[in-house]
Amino acid sequence: MKIEVRIVGRGVVLVPYRPHHVEKYHGWMQDEELQQLTASEPLSLDEEYKMQQSWQEDQDKATFIILDKALLDVSASEVEAMVGDVNLFLNDQDSKQVAETEIMVAEASARRKGFGREAMLLMMQYGIETLNITRFTAKISMDNNPSLALFHKSFGFQEVSRSDVFQEVTLETGEIPHLQQLAQEYCPTQMPYQSPQL
């Protein structure tokens, strides 16, 4: 979907996924471990640009790039500060108030710093306040222990199903006010987004 805001937290900044992010994103997605953890297939660079464009136009997908705020402050470059992405998919045919969440901290040096937790909470708050989401789900690979721990322990998601065929677990949110309260720890601010001059 066309997103025109940036969300600034304490440690991360979320910006809409735009064409100038694609080349670095494409590089991440060539990594076999990330492909496995995200259940993704490698695309050509041209296919990646087309995917970014289709996601930007699709009203059922919200994608933000996660930036390391400290690195952004030093480099002033979104591309240099990129560490991952966070998504909401409004793919429940019965309700547009249900969103599937997805997060990837692609840069190994950015892991275990709390960026994933903060980015996901900021994204869920955006979903609640801007898209009127009332329930979140997450489908996570059975062997993706960091993500399972994040959603279980940090956010209070509960397991609702398990697929041995797809080797994934489906989790669902508990209380929405609890997520909003957690997000406030990061003092989020929304402001209009302007693509950087390249």
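## Sheet architecture and two helix residues in a predicted model

Strands β2 (residues 12–16) and β3 run antiparallel and are joined by five bridges. The structure described here is a predicted model. Within the β2–β3 pairing, Val12 stands opposite Asp68 of β3.

On β3 a second pairing is found: this strand and β4 (residues 82–89) are linked in the antiparallel sense over seven bridges. Here Phe64 lies opposite Val86 in β4. Strand β3, spanning residues 61–68, is mostly covered, with seven of its eight residues buried.

These strands belong to an open sheet of nine strands, ordered β7-β8-β6-β5-β4-β3-β2-β1-β9, in which the pairing is mixed. The edges are formed by β7 (158–163) and β9 (189–192), each of which pairs on one side only. On average, neighbouring strands of the sheet are turned by 25° against each other, direction ignored.

Elsewhere in the sheet, strand β6 (residues 135–141) pairs with strand β8 (residues 168–172) in the antiparallel sense, over five bridges. Thr137 has Glu172 in β8 as its bridge partner. Helix α7 packs on the sheet and touches β5 (98–105), β6, β7 and β8. The direction of α7 makes about 155° with that of β6.

The three antiparallel pairings described above are set out below.

| Strand pair | Bridges | Opposed residues |
|---|---|---|
| β2 and β3 | five bridges | Val12 and Asp68 |
| β3 and β4 | seven bridges | Phe64 and Val86 |
| β6 and β8 | five bridges | Thr137 and Glu172 |

Two helix residues are considered next. His152 is located in helix α7 (residues 145–154). Because its relative accessibility is 32%, His152 counts as partly exposed, the range for that class lying between 20% and 50%. Leaving aside neighbours within four places in sequence, His152 is in contact with Phe157, Glu159 and Leu171. The C-alpha atom of His152 is separated by 19 Å from that of Ile128, a residue 24 residues apart from it along the chain.

Gln52 is placed in helix α3 (residues 45–57). With a relative accessibility of 1%, Gln52 counts as buried, since the cut-off for that class is under 20%. The side chain of Gln52 reaches the backbone oxygen of Tyr17 at 3.0 Å. Residues up to four places away in sequence not being counted, Gln52 touches Tyr17, Arg18, Pro19 and Val22. Tyr17 therefore appears both as a contact of Gln52 and as the residue whose backbone oxygen the Gln52 side chain reaches, the limit for contact being heavy atoms within 4.5 Å.

How values were computed. Residues are numbered from 1 along each chain as its sequence is written. This is a predicted model: local features need pLDDT of at least 70, side-chain atom pairs count only at pLDDT 80 or more; totals for chains, interfaces and linings use all residues. Side-chain values use heavy atoms; hydrogens and water are left out. Helices (H or I, at least four residues) and strands (E, at least two) are DSSP runs, numbered from the N terminus. Buried means under 20% relative accessible area, exposed over 50%, partly exposed in between (1.4 Å probe, protein chains only). A polar contact is a pair of N or O atoms within 3.5 Å; within protein, one must be able to donate a hydrogen and the other to accept it, and residues adjacent in sequence count only if both atoms are side-chain atoms. Two strands pair if DSSP finds at least two bridges between them. Axes are lines fitted to C-alpha atoms, for helices over the stretch in contact, and angles run from 0 to 180 degrees between N-to-C directions.
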